[in-house]
Amino acid sequence: MSKVLLHCCCAPCSAAIIEWMLNNDIEPVLFYYNPNIYPQEEYLIRKNELTRYAERLKLTVIDGDYDYQAWKDWACHNLNTTNLQDFPERGSRCLECFKLRLLETAKKCRELGLEQFTTTLASSRWKSLDQINAAGQWAAEMVNAQRELGMRNEELGVPNCPTVSFWDKNWRKGGLQDRRNALLKENNFYNQQYCGCEYSIR
């Protein structure tokens, strides 16, 4: 069974993808890295729901650091503005958000000695698939470029320092949207009403 690092944003978006992977001889390694989620109570609810589902399947959730201020600093720096609330959904704010989260996922992928990562963000019809794929490819390129600079494995803290790639599978097709909705009801998942950051609450 092959292994893929799966960046998970929440249980409703993750469940059908996890199920599909297991049914297709792929072991998903779950990585919950979502410092965009506000407030922290919301972050914990989503993490706990994913963990509840993962434990039923005997899977482990790797918990990334929660640092909301770091997320805001990243977006402000990259967009050169503090008026993030003025950007609409699927705008520049979202692209920068995806880039940060998938960059950390790519780093974790290499750290674990895995060669491929993907994200459940691509399952949501509210997100731009083009933005997600662009962010994922960028993240892989950044991590691979760092590897190619000749950094020693001891410095990286990685045993074999593999090249990583982003799997840009469209997780909205193949009946996965319907299965997503069915699993949401079957597991009585908490179903959030906004993307995650404070600017999407409205």
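**Figure 1. Phe 117 stands opposite Phe 166 in strand S5.** This view, like the others here, comes from a predicted model. Let's begin where two strands meet. Strand S4 covers residues 116-119, and its link to S5 is made of 2 bridges, with the two strands pairing in the parallel sense. Take Gln 116 as a landmark: its bridge partner in S5 is Ser 165.

**Figure 2. Strand S1 pairs with S4 too.** Now for another partner of S4. Strand S1 takes in residues 2-7, and 3 bridges join S1 to S4. The two run parallel. To find a spot where they meet, look for His 7, whose bridge partner in S4 is Thr 119.

**Figure 3. Five strands build an open sheet.** Step back a little and read across the strands: the order is S3-S2-S1-S4-S5, and the pairing is parallel. Which strands stand at the edges? They are S3 (61-63) and S5 (165-166), and each has a single partner strand, so one side of each has no neighbour in the sheet. For the bigger picture, the protein chain has 7 helices along with its 5 strands. Starting from the N terminus, you'd meet these elements as β-α-β-α-β-α-α-β-α-α-β-α.

**Figure 4. Helix H4 is largely enclosed by the rest of the structure.** H4 runs through residues 92-111. Why call it enclosed? Because 15 of its 20 residues are buried, meaning under 20% relative accessible area. In the protein chain as a whole, buried residues make up 50% of the 202 residues. You can also do a quick check on the helix's length: at 1.5 Å a residue, its 20 residues should span 28 Å, and the end C-alpha atoms are 29 Å apart, which agrees. Just after H4 comes Gly 113, which takes a positive phi of about 80°.

**Figure 5. A cavity is lined by residues that include part of H4.** How do you find a hole inside a protein? Rolling a probe the size of a water molecule over the atoms shows where empty space is left. Here the count comes to 1 cavity of 30 Å³ or more, and the largest cavity holds about 60 Å³ of space. Its lining has 10 residues, and those nearest its centre are Arg 93, Cys 94, Cys 97, Cys 195 and Cys 197. Which element gives the most to this lining? That's H4, with 5 residues. Sorted by class, the lining has 6 nonpolar, 1 polar and 3 charged residues.

**Figure 6. Cysteines, but 0 disulfides.** You may be tempted to look for a bond between cysteine sulfurs, but the structure holds 0 disulfides. Cys 10 is in no disulfide, and the nearest cysteine sulfur, which belongs to Cys 13, is 3.6 Å away. A disulfide here needs the two sulfur atoms within 2.5 Å. Is Cys 10 buried or exposed? Its relative accessibility is 2%, so Cys 10 counts as buried. Cys 97 is in no disulfide either; for Cys 97 the nearest cysteine sulfur is that of Cys 195, 6.2 Å away. Cys 97 is buried as well, with a relative accessible area of 6%.

Definitions and conventions: Residues numbered from 1 in each chain as written. Predicted model: local features only at pLDDT ≥ 70, side-chain atom pairs only at ≥ 80, totals over all residues. Heavy atoms only, no water. Helix = DSSP H or I, 4+ residues; strand = E, 2+ residues; numbered from the N terminus. Expected span 1.5 Å × (residues − 1). Buried < 20%, exposed > 50% of the residue type's maximum accessible area, 1.4 Å probe, protein only. Pairing = 2+ DSSP bridges. 1 Å grid on protein atoms, 1.4 Å probe; cavity = no way out; pocket = protein on both sides within 12 Å on 5 of 7 lines; lining within 4 Å. Points joined across faces, edges and corners; volume = space filled by probe spheres on them. Nonpolar A, V, L, I, M, F, W, Y, C, P; charged D, E, K, R; others polar.
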